[in-house]
Amino acid sequence: MSKDNNIIPSGPFKGKKIEMAPTDGVDVFQSLAEEFMEAIFGMEPGSYLITDESSLRDFKGVGDLELVDMHRKIRCVYDVDVSDIQSGNLVEIFTRIHRYTYGPAQA
């Protein structure tokens, strides 16, 4: 595949390069991510795209949810408060849920 395939050929972004954000962190929590997206947003696997840079803000308004509603729902479903995660980053949220559910990772 040529590098030119990542260049937008026309329109207002003509000549700009498209680059997919990494998904290494999301991949680590794949099962939790799928469960989370279904429980919080009602989205089934394959109906959304999340990357390591995805945040709750990317889903604001889904199902009429605002951030405060998302925080409340996460607390209700997982018994974990994530409202202090300013970025709303999903990988950070998955990490916290995992830590509170299973304890800190062992080396």
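This note goes through two helices, their packing and one loop residue in the structure above.

1. On the basis of the work: this is a predicted model, in which local features need pLDDT of at least 70 and side-chain atom pairs count only at pLDDT 80 or more, while totals for chains, interfaces and linings use all residues. Residues are numbered from 1 along each chain as its sequence is written, and side-chain values use heavy atoms, with hydrogens and water left out.

2. Helix H2 (30-41) has 12 residues and reaches 16 Å from its first C-alpha to its last, close to the 16 Å expected at 1.5 Å a residue (the expected span being 1.5 Å times one less than the number of residues). Helices here are DSSP runs of H or I with at least four residues, numbered from the N terminus. H2 is followed by Gly-42, whose phi is positive, near 70°.

3. The buried residues of H2 are Leu-32, Ala-33, Phe-36, Met-37, Ile-40 and Phe-41, where buried means under 20% relative accessible area and exposed over 50%, with partly exposed in between (1.4 Å probe, protein chains only). They cover an arc of only 130° around the axis, which puts them on the same side of H2; the arc is that of the directions from the helix axis to the C-beta atoms. These buried residues pack against helix H1 (24-28), H3 and H4.

4. H2 and helix H4 (residues 90-102) pack at an angle of about 105°, with their axes 11 Å apart, which makes H2 roughly perpendicular to H4 (a term covering angles of 65 to 115 degrees). In this packing, Leu-32, Ala-33, Phe-36 and Met-37 of H2 meet Leu-90, Ile-93, Phe-94, Ile-97 and His-98 of H4, contact meaning heavy atoms within 4.5 Å.

5. For helix H3 (67-78), the 12 residues should span 16 Å at 1.5 Å a residue, and the end C-alpha atoms are indeed 16 Å apart. Its buried residues are Leu-67, Met-70, His-71, Ile-74 and Tyr-78, and they fall within an arc of 100° seen down the axis, so they line one face of the helix. On the other side of H3, Val-68 and Cys-76 are exposed, whereas the cover over the buried residues includes H2 and H4. Just after H3, Asp-79 takes a positive phi of about 55°.

6. Ser-55 lies in the loop between H2 and H3 and is buried, with a relative accessible area of 9%. Leaving aside residues up to four places away in sequence, Ser-55 touches Ser-87, Gly-88, Asn-89 and Leu-90.

Definitions and conventions
Helix = DSSP H or I, 4+ residues; strand = E, 2+ residues; numbered from the N terminus. Axes fitted to C-alpha atoms, helices over the stretch in contact; angles between N-to-C directions. Parallel < 35°, antiparallel > 145°, perpendicular 65-115°, else oblique.
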